[in-house]
Amino acid sequence: MKTSKVLRRVYDVTATLIGVLFFFIIVGVFGLPSAIAGLALFVLAAVVVCRVFPTEGARS
Amino acid sequence: MKLDPSVLARIQFAFTVSFHIIFPTMSIGLASFLAVTEALWLKTKNPTYLQIYRFWLNIFAMGFGIGVVTGIVLSFEFGLGFARFAQIAGPAIGPLIALEVLTAFFLEAGFLGIMLFGLHRVGPKLHFFATCMVAVGTLISASWILSANSWMQTPAGVAVHDGQLTVVNWLHVLMNPSWPYRLPHMLTAAYLTASFMVAGVGAWYLLQGKHLDFARRTVALGTAFATVLIAGQVFIGDMVYGTMLKYQPSKMQAAEGFWEKQSQSPAPYYWFIIPDQKNQRNRFTLGTPHLGSIWLTHSLNGRVEGLKNTPRELQPRMAMVFYAFRIMYCLAMLMFAMGVASLWLRFRGTLFNSRWFLWMLVFMTPSGIIATLAGWYVAETGRQPWVIYGILKTVDAVSPVPSQALLSTLIAFVCVYAVFITAFLIFTFRIIRRGPVEAPVYAEASGSIKNAFRPHVLDSPKRLADSQFS
């Protein structure tokens with residue numbers, strides 16, 4: 001139980017770091033080509049997550 | 001006490017335009033959101049989408065109405081407060097505003113009635129077409145206005161002879177250097193505003209345990225749109241930054257809070273400063289080391305240009321530009337974080353259960369409006385002391401009218417607009433408190449406009465019962 005909680009925290013932190021990395025890429029820190037590629041990848045990932053994990057039927 | 005007419009004219013215009021911009025931002029975003037929602041309803045026949053449509057249509061209608069009225073006021077204010085600006089800039093700006101009326105307003109006026117009252121008269125497909133036309137109208141309107149405003153930021157296609165401005169290339173006026181970046185920046189801001197409004201209201205219902213199907217769909221739609229849009233906005237924002245740095249360096253120098261011609265290396269990113277414009281220095285700074293170089297020069301040790309690169313008499317007020325920019329930028333970062341969090345929560349299947357996230361969405365409901373206002377303050381205060389950058393100074397643009405006339409009209413505007421905003425907020429909160437109303441799966445009528453005026457459609461008991469369109 002405790003391990004799964006720790007794992008969840010690790011996943012949360014990893015997701016946050018990925019988010020920060022995407023922000024830095026999209027804002028152009030690594031140059032325009034990387035920014036365009038980062039934006040395309042982020043949008044693609046967002047569309048995939050929204051399509052693959054539909055939330056409308058989830059319990060609130 | 002003697003009041004300066006140029007200060008009063010600026011305060012009046014700042015007040016009326018700040019009030020105005022809230023409503024077009026909402027209506028541009030909501031019009032497209034309504035078009036998407038109606039398309040989803042037509043595709044899925046799920047009545048919840050029609051519920052969402054009808055719910056937000058009410059708020060859109062009020063915002064649209066106030067936006068139009070307060071926009072007309074601005075045109076009159078060119079004469080009241082800035083007659084010299086109108087006289088000099090008229091040859092370039094006038095046709096753009098006239099074209100906005102001829103193209104966007106006529107299109108919107110033609111279809112708005114069908115959109116608001118025609119669902120049970122013209123049938124769903126024609127009604128959807130009307131919604132799309134209104135949404136397109138708002139886009140066209142924004143595009144003309146952004147063209148006019150961007151021309152004031154980066155004037156092109158004109159020649160000045162004896163203080164008189166002549167257009168030499170209309171294409172250059174229309175597609176001036178900052179317009180291709182500022183237009184998508186503004187449109188994305190409007191869509192983000194609508195996305196966070198929609199998601200925030202849905203989150204509020206989820207926290208209250210009310211209208212759950214409606215709430216889940218609006219939170220799902222709002223966060224999905226917001227996530228994609230904010231990524232695009234961060235990208236476009238960086239492009240706008242680069243463009244303004246090229247054409248209006250003083251604005252970006254003020255926005256970053258550096259005074260010296262070259263900052264230290266590596267440059268920090270300032271979050272809080274107390275600028276001393278008189279002595280051209282900061283009394284206090286709070287920033288993150290290295291981040292300024294990384295974000296602003298895209299290198300580890302880059303130096304950032306300060307405001308001393310601009311002659312003192314041509315500098316904007318640093319405090320206004322800096323804090324407006326920080327508010328906009330910090331809200332953008334918060335929106336990006338919310339987008340990433342929403343994806344993560346979707347992935348884990350807890351988007352509707354995470355109360356902290358839902359509360360954050362509720363608090364973020366007006367974030368798009370605040371960020372848009374802050375962005376416009378950066379654009380307008382950062383351009384000072386110019387009203388048309390490099391061509392006409394603001395102090396030379398005001399009308400030769402007595403300060404009493406400007407003060408009395410300013411007081412009148414404040415009073416009338418206070419009534420507008422109070423009425424808007426009261427009715428909006430009432431609509432939110434009441435919640436969405438059950439909607440039929442299909443619209444009653446179908447077919448053409450000709451069908452809409454047939455007696456059985458006009459006098460249909462069901463239509464009459466639904467005539468309040470909510």
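Is B:Gln280 buried, exposed or partly exposed, and how many other C-beta atoms lie within 10 Å? In this predicted model, B:Gln280 has 15 other C-beta atoms within 10 Å and is therefore partly exposed, since a residue is buried only if 20 or more lie within that distance and exposed if 12 or fewer do. The residue is found in the loop between strand S3 and strand S4 (281-288) of chain B, and its phi is near 55°, a positive value in a residue other than glycine. A comparable description applies to B:His298, which lies in the loop between H10 and H11 of chain B and has a phi near 60°, again a positive value in a residue other than glycine. With 18 C-beta neighbours inside 10 Å, B:His298 counts as partly exposed. A positive phi, near 60°, is also found at B:Lys45, the residue that follows helix H1 of chain B.

Two cis peptide bonds that precede proline were noted in chain B. The bond from B:Ser265 to B:Pro266 is cis, with omega near -5°, and B:Pro266 has its place in the loop between helix H9 (249-256) and strand S3 (269-276) of chain B. The bond from B:Gln384 to B:Pro385 is likewise cis, with omega near 10°, and B:Pro385 is found in the loop between helix H13 (367-383) and strand S5 (386-388) of chain B.

The lengths of two helices of chain B were compared with the span expected at 1.5 Å a residue. Helix H1 (residues 5-44) of chain B has 40 residues and reaches 58 Å from its first C-alpha to its last, close to the 58 Å expected. For helix H8 (residues 212-247) of chain B, with 36 residues, a span of 52 Å is expected, and the end C-alpha atoms are 50 Å apart, which agrees. Of the 36 residues of H8(B), 27 are buried, so this helix is largely enclosed by the rest of the structure.

Chain A contains two helices and zero strands, and 20% of its 60 residues count as buried. The contact between the chains takes 20 residues from chain A and 27 residues from chain B. On the side of chain B that touches chain A, the elements giving two or more residues are H8, helix H10 (291-297) and helix H11 (318-348) of chain B, and H8(B) gives the most, with 12 residues. Helix H2 (residues 32-52) of chain A packs with H8(B) at an angle of about 180°, their axes lying 10 Å apart, and H2(A) is therefore roughly antiparallel to H8(B). In this pairing, A:Ala35, A:Leu39, A:Phe42, A:Val43, A:Ala46 and A:Cys50 of H2(A) meet B:Ala224, B:Thr227, B:Val228, B:Ala231, B:Gly232 and B:Phe235 of H8(B). An α-helix has 3.6 residues a turn, so residues three or four places apart point the same way.

Within chain B, B:Gly339 in helix H11 touches B:Ala226, B:Thr227, B:Ile230 and B:Ala231, when residues up to four places away in sequence are not counted. The C-alpha atoms of B:Gly339 and B:Ala231 are separated by 8.5 Å, although these residues are 108 residues apart along the chain. B:Gly339 has 27 C-beta neighbours inside 10 Å and so counts as buried. B:Thr227 and B:Ala231 are thus named both among the contacts of B:Gly339 and among the residues of H8(B) that meet H2(A).

A second helix pair in chain B is formed by helix H3 (residues 83-117) and helix H5 (residues 124-153), whose axes come within 8 Å and cross at roughly 165°. That angle makes H3(B) roughly antiparallel to H5(B), and the crossing of the two helices is left-handed.

The largest nonpolar core has 151 residues, of which A:Ile26 and B:Trp56 touch the most other members. Helix H7 (residues 179-208) of chain B gives the most to this core, with 19 residues. When residues up to four places away in sequence are not counted, B:Trp56 touches B:Leu30, B:Phe33, B:Leu34 and B:Val198.

Notes
Residues numbered from 1 in each chain as written. Chains lettered and ligands numbered in written order. Predicted model: local features only at pLDDT ≥ 70, side-chain atom pairs only at ≥ 80, totals over all residues. Helix = DSSP H or I, 4+ residues; strand = E, 2+ residues; numbered from the N terminus. Expected span 1.5 Å × (residues − 1). Core = buried A, V, L, I, M, F, W, Y, C linked by C-beta atoms within 7 Å. Contact = placed C-beta atoms within 7 Å. Axes fitted to C-alpha atoms, helices over the stretch in contact; angles between N-to-C directions. Parallel < 35°, antiparallel > 145°, perpendicular 65-115°, else oblique. Left-handed = near helix turned anticlockwise from the far one by under 90°.
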